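Student: Could we go through this protein together, one question at a time? I would like to learn how to reason from the picture.

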Amino acid sequence: KEEMTKAIIETLKRNGLKDAYIRPIVSRGDGDLGLDPRKCPVPNVFIITQEWGAMYGDLYEKGLTGVTVGIRRNAPEALPPNIKSLNYLNNILAKIEANVKGGDEAIMIDVHGNVSEGSGDNIFVVKNGKILTPPTLNNLRGITRAAAIELAIKYGIPVSETNMGLFDIYTADEVFVTGTAAEIAPMTKVDGRIIGDGKPGQITRKLMAGFKKLTKKEGTPIV
């Protein structure tokens, strides 16, 4: 971990970046075209750093439009969602469908009909002052997801991990998504239905502000 941290900091310095998106990648290493990982005994490490602005632009003020898609989230028995890999085909197909339907983000359903996640972020709903989010059996255990939950607990907002259906999304007071690139972003319309009053909600805004403060005071400064 310490060696990886040093490598990331050095990459940022060489690229003259202090506020950037960081993607460390570990591959199986050099080998043949087969599928046997035993033929790739030494892993390769790549570190991608890129200057990154607000992913959703003015939609942090207006709110995203979400659309449910027919592409189901991979079953955890087939590909565990908590393996953070570059196998994004499932997510990309969902994103393509969302684009075609005019949405800013896809809402993916798992094979059992439960809400899973977005194409690249975790989903939360707020109902009667309580935050609900799907358990990570069918979605990625995101770092920003964890930060949002910690902030909510700090602010005294109840949080529950529970299976959710589309009804829970449609009837929510607020909906927001979390991700490394997205940070915390409000979703104010889903499948043509207005969420709450159609504006980013009070709890969502509180978490957005708290997350911005958190990212400014934590982490390793690049000097």
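Student: Is R205 buried, partly exposed or exposed?
Tutor: Happy to start there, and keep in mind that this is a predicted model. The relative accessibility of R205 is 36%. Buried means under 20% and exposed means over 50%, with partly exposed in between. So R205 counts as partly exposed.

Student: Which residue does the side chain of R205 meet in a salt bridge?
Tutor: As a general idea, side chains of opposite charge can pair when their charged atoms come close. Here the N to O distance is 3.3 Å, and a salt bridge needs a nitrogen within 4 Å of a carboxyl oxygen. The partner of R205 is E61.

Student: How many residues apart are R205 and E61?
Tutor: R205 sits in helix α6, while E61 belongs to helix α2, residues 59–62. The pair therefore links distant parts of the chain. E61 itself is exposed, at 53% relative accessible area. Along the chain, the two partners are 144 residues apart.

Student: Which residue pairs with R145 in a salt bridge?
Tutor: Look at helix α4, residues 143–154, for R145, and at strand β8, residues 159–161, for the partner. The closest N and O atoms are 3.0 Å apart. The residue paired with R145 is E161.

Student: Is R145 buried or exposed?
Tutor: Compare the two partners of this salt bridge. E161 has a relative accessible area of 46%, so E161 is partly exposed. R145 has a relative accessible area of 5%, and under 20% means buried. The word for R145 is buried.

Student: Which strand does K212 get tied to through E183?
Tutor: The side chains of K212 and E183 meet in a salt bridge at 3.7 Å, N to O. K212 lies in helix α6, so the pair ties together parts that are 29 residues apart in sequence. The strand that holds E183 is β10, residues 183–190.

Student: What is the phi of E183 near?
Tutor: E183 is worth a second look, as a partly exposed residue with a relative accessible area of 27%. Its phi is positive, in a residue other than glycine. The value is near 60°.

Student: Where is N128, which has a positive phi of about 55°?
Tutor: N128 is not a glycine, although its phi is positive. The relative accessible area of N128 is 67%, so this residue is exposed. You will find N128 in the loop between β6 and β7.

Student: How many salt bridges does the structure hold?
Tutor: We have already met some of them, including R205 with E61 and R145 with E161. K212 with E183 is one of them too. The total is ten.

Student: Which helix gives the most to the positive patch?
Tutor: K154, K206, K213 and K217 gather on the surface in a patch of positive charge. K206 is in helix α6, and at 42% relative accessibility K206 counts as partly exposed. With three residues, the helix that gives the most is α6.

Student: What is the area of the nonpolar surface patch?
Tutor: L89, I92, L93, I96 and V100 make this patch. I96, for example, is found in helix α3, residues 89–100, and counts as partly exposed at 44% relative accessibility. The area of the patch is about 480 Å².

Student: Which element gives the most to the largest nonpolar core?
Tutor: In soluble globular proteins, nonpolar side chains tend to be buried together. The largest nonpolar core here has 35 residues, and I131, I169, V175 and L207 have the most contacts inside it. Several elements each supply at least two residues of this core, among them α2, β4, β6 and β7. With five residues, the element that gives the most is α4.

Student: What distance separates the C-alpha atoms of P200 and Q50?
Tutor: P200 is in the loop between β11 and α6, and counts as buried at 10% relative accessibility. Along the chain, P200 and Q50 are 150 residues apart. Their C-alpha atoms are separated by 28 Å.

Conventions: Residues numbered from 1 in each chain as written. Predicted model: local features only at pLDDT ≥ 70, side-chain atom pairs only at ≥ 80, totals over all residues. Heavy atoms only, no water. Patch = residues over 30% accessible without salt bridge, like charges linked within 9 Å, V, L, I, M, F, W, Y side chains within 5 Å. Areas by Shrake-Rupley, 256 points an atom, 1.4 Å probe, with all protein chains shown as cover. Lys, Arg positive; Asp, Glu negative; His and termini not counted. Charge placed at Lys NZ, Arg CZ, Asp CG, Glu CD. Helix = DSSP H or I, 4+ residues; strand = E, 2+ residues; numbered from the N terminus. Buried < 20%, exposed > 50% of the residue type's maximum accessible area, 1.4 Å probe, protein only. Core = buried A, V, L, I, M, F, W, Y, C linked by side-chain atoms within 4.5 Å.
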